[in-house]
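Q: I am new to this structure and would like a close look at a single part of it. Please start from that part and then connect it to the rest.

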Amino acid sequence: MKKVLCLLLAIVTVLSLVACGGNVEDSSSTDNVATTEGTNATTVGTQGTEATTDATTTNSEETTGTGGPIDPVVESYGYTIIDVGEYAQVWVRPGICDVKADVNKGLGSKETLTLTVTLAPGFVFDGWTLTNSIANSKDKLNGSTETYDKVLVTDTTYEITVSEDIIPDGRDRILIVPNYSYTVTYYTNDGLSKDGKTTYVQKYPAVAYNCAVTLPEQGFFSRDGYTLVEYNTKADGTGYGVSLGSRMPMGGKPTVELYCIWVKQNDASEFTYTTSGSSAVITGYNGTATTVVIPDMIDGKEVKSISTFTTKTPVTEVILSKNVVSVEKKAFTSLKTLESLVMYDCITKISDTAFAQGALKHLRVNASLNLFSGWQQVQSTIKLDRVVDAAYSGKKLFFIYGGSGAHNGLDCVQIDDALKGEYYIVNVGSNAQCSAAYYFDWFEDLVDGDDVILWMPECGNWMLGDTRFHDRLWEINAGYYDSLRYVDISKFTQVFDSYQTYANSYHASQQCSYDTFWKSGDTYGDNAGVRASAGKTYYYDLDAAGRWDISLETYTHQAELIAKMKEQGNKMLFTFPAMDESGGGISQQSLEYYRDDVLEAFPGLECISGWETPLVPNKMMYDSEWHLTLDGAIYRTSKLVPDIVNALK
C-alpha cells in the first residue's frame, strides 16, 4: 500500500478476569469476551488474576501522509467490549488499556465490582463513566432523572454495585467506560495561542478512535496579517499536513506535536472593494501574485464577501479568509486559471455558478464550526477514523463500499477471522446519495498493489458512480474534510450547490463539540445495533425485462478509477447488495442482468458471488429493500465469506 509499514506491537497477554488484550490477530474483534463471576452467591467474592501485557517495539520505516513523514510505532486497531459479572461490560482498547476486575456477589442480584485500569505510557486517564457512551453522554439509566454526563470517579480504581435493576431498557448490560485521551501539542509557529502562549495542549478521546481530531478555527491561534491554513508535523510545512478540524493519524502513539502553518495575507491595496457598515466586499484584484490570500480585514472592516474577482493576473490559487461567509454567483467565473481553493465551513452562500466550469481541481475545507449531531455524522465517524488510520497501519487494506445496505448488512468480524487478521478491514458503507466515485477517488490515493476494494452497490445512481455531489455526501464526510485533498473535484458537479444546502441545514442547526462527539457502529464500521424486522413486503424497481433503468455507461470517472486501481495490482471485487429473496421483481435472471451490466460498464471488476449469495429471508430484512436486521447481517456475511476467501487465494 502507499503508506509504508509501521511496526506491529507484539502483545503477549495472559487472559484473566478482565483483560484488554488478546493476540494481534484477534485484537479488533468485539467477540473477545472474558467473563468474571464470584463463587459465592451472597457476600464472598473471588479475587481475579491480574492480566499482564508486555509490549515491545523496534524501529519502523517512516510513512508518508499528504505532505510528508509520520512515524507510527504502535498498532491498535479497535476496541473490545468485555462482560464483567452478570450485569456490566467494560470498553477497552488492546495495546492501550488494561483493566483488572474483581466481582463480589451480594444479596439477591447485586454484585460489587472493583475495577482498576492501567494505560500504556503517555495516554491520559480521564475518569470512569457509567453510561452507554463516553464522557459527556446524555444517556439516562432505567428511567432515572440522573444523567451520566459527568465523570463519576477520577481514581484509576472504581468500585460500583450493580444489579439487574440498573440495566437500561433495551440493553443486556450496563456499560462502564474507562475514559482516556490522546494529547496533541500545538506550536503556534510565530503566532500566539488564545491564552497568549506559544504552545497549546489539547486532549481528544482515545476510547473508540485511532485518530485525534484537530482544533477548528475558533480563535485558538492568531497571527496578525496571516491566515492559518493547516497544521503540520514540521514547522516548515514539509511534514504531514492536516486541515483544521480534520483527523490526525496517531499510529497508536499517545501524543503528537503539530505546528500552525500560516500564509501571509495580501495587502488591502491589491484589491478593489466596497464597504458597508462593519463589512467589506471584494470586487477585484489588482496584484500580481498567482496565489491570493484574502485578508481578514480591510479598512478595519471584516471581509465578509467576494462579489467579483476581476483580474488580469492568471491566479491559480485563492485562500479565503475565515471571515468570508458569502461567495456570490459568477465571482470567479472569469478566472479560468483558478485550480485551487481553500475555504472555511463558516461560508453559507456559495454555488457552482461562482466558478468557471471544470477549472477548479483542488478544494480544501477548514472547519470553523463544530461537528453537527445528526445521524449522518454519528454513523460515519468511526468509518472516517478507521479509513484515515488504515492508510498508516502497515497492513494490507480491505475497503468495503456500498450504501446503507452495506452499513446495515455486514458482520466484518467474520471476514477478519476468515482472513486471519491479514487485512485492515473497513466497512465504509454510507448512504445511497453518497457517490461511489467520490470514495473510489479517495481510495485510489490510499491503495497500492496489495490492497482490496469490495464494491457492493445498491442499484442507484450515486451508488454506481454518479458524479453529482449531494448534501448527504457533505454530511457523511463532515468529520474529515481532508478526504477532499485526494479528490479531483473537476470530475464532479454540484459540489458547491450541495455544500450550501449542507451548510444551511444540519451543520448550522445541530452543533456538537469536537471534544465529546460520539460514534455509532462497531470497530469495523458495521452497524452493530439490534434491528428488528419491520415485517414489510419489499419491491425492487425493475423494468419489464427485469433490468434496473440505470445508465451505467455514463459513469466514466468511476470506470477510470476502477481500471487504474486494477492496473496497479489491487483486487477490485464486486458482489451484490443483500436483498429480500421474496422481494417483488427479484429473480435469477434479474440479478444476472445486473451483474452483466455492471461488469460491462466497469471491466476492471471481478464478480466474486453467484446470484444466490445476496438473498436473505424476508424475516431478516429490517426496514427497506436493502437494510438487514442484525441477524440478517450475520447470516448474509456467512454466505459472502467463502466468496471473499476464494477471490483472495
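Which residue lies over the face of Tyr226, and at what distance from the ring centre?

A: Arg223 lies over the face of Tyr226, at 3.6 Å from the ring centre. This is a predicted model, and the values given here are computed from it.

A second contact of this kind involves Arg547, whose charged end sits over the ring of Tyr593 at 3.9 Å from its centre.

The neighbours in sequence of these two residues, Trp548 and Tyr594, also meet through their rings, as described below among the aromatic pairs. The count of aromatic pairs comes to 44. One of them is formed by Tyr204 and Tyr209, with ring centres 6.1 Å apart and planes at 45°, so this pair is classed as tilted. Tyr204 is buried, with a relative accessible area of 1%. Tyr209 is buried as well, and its relative accessible area is 1%. Trp548 and Tyr594 make an edge-to-face pair, with 5.1 Å from centre to centre and 65° between the planes. This pair links distant parts of the chain: Trp548 is in the loop between strand 33 (511-512) and helix 8 (556-567), whereas Tyr594 is in helix 9 (residues 588-601), and the two are 46 residues apart. Both Trp548 and Tyr594 are buried.

Charged side chains also pair with each other. Side chains of opposite charge can pair when their charged atoms come close. The structure holds 17 salt bridges. In one of them Arg364 is joined to Glu230, and the closest N and O atoms are 3.7 Å apart. Arg364 belongs to strand 28 (residues 362-366) and Glu230 to strand 16 (residues 226-232), so this salt bridge ties together parts that are 134 residues apart in sequence. Strand 16, which begins at residue 226, therefore holds both Glu230 and the Tyr226 of the opening question. Arg364 and Glu230 are both buried.

Glu606 and Lys571 form another salt bridge, in which the closest N and O atoms are 4.0 Å apart. Glu606 is in strand 36 (residues 606-607) and Lys571 is in strand 34 (residues 571-574), so the pair ties together parts that are 35 residues apart in sequence. Glu606 counts as partly exposed at 27% relative accessibility. Lys571 is also partly exposed, with a relative accessible area of 29%.

A further salt bridge joins the side chains of Arg595 and Asp596, at 3.1 Å from N to O. Arg595 counts as partly exposed, at 22% relative accessibility, and Asp596 is partly exposed with a relative accessible area of 36%. Elsewhere, salt bridges that share partners join Glu230, Arg364, Asp482 and Arg485 into one network.

The wider setting of these contacts is as follows. The protein chain has 10 helices and 37 strands. Of its 649 residues, 58% count as buried. Among the contacts in the chain with a separation of 6 or more, 74% come from residues 24 or more positions apart. The chain exposes about 24,300 Å², and carbon and sulfur atoms supply 48% of that area.

The largest nonpolar core has 163 residues, and those with the most contacts inside it are Ile294, Phe309 and Phe399. Strand 11 gives the largest share of this core, eight residues. Leaving out residues up to four places away in sequence, Phe399 touches a set that includes Val387, Ala390, Val426, Phe443, Leu446 and Leu454. A second, separate core has 21 residues, among them Leu410, Tyr423, Ile425 and Leu648.

Two loop residues remain to be described. Most residues other than glycine have a negative phi. Asn189 is not a glycine, yet its phi is positive, at about 55°. Asn189 is placed in the loop between strand 11 (174-187) and strand 12 (192-193), and at 23% relative accessibility Asn189 counts as partly exposed. Asp299 is likewise a residue other than glycine with a positive phi, near 55°. Its place is in the loop between strand 23 (297-298) and strand 24 (301-310). Asp299 is exposed, with a relative accessible area of 57%.

Conventions: Residues numbered from 1 in each chain as written. Predicted model: local features only at pLDDT ≥ 70, side-chain atom pairs only at ≥ 80, totals over all residues. Heavy atoms only, no water. Phe/Tyr/Trp six-rings, centres within 6.5 Å; stacked < 30°, edge-to-face > 60°. Buried < 20%, exposed > 50% of the residue type's maximum accessible area, 1.4 Å probe, protein only. Helix = DSSP H or I, 4+ residues; strand = E, 2+ residues; numbered from the N terminus. Lys NZ or Arg CZ within 6 Å of the ring centre and 35° of its normal. Contact = heavy atoms within 4.5 Å. Areas by Shrake-Rupley, 256 points an atom, 1.4 Å probe, with all protein chains shown as cover. Core = buried A, V, L, I, M, F, W, Y, C linked by side-chain atoms within 4.5 Å.
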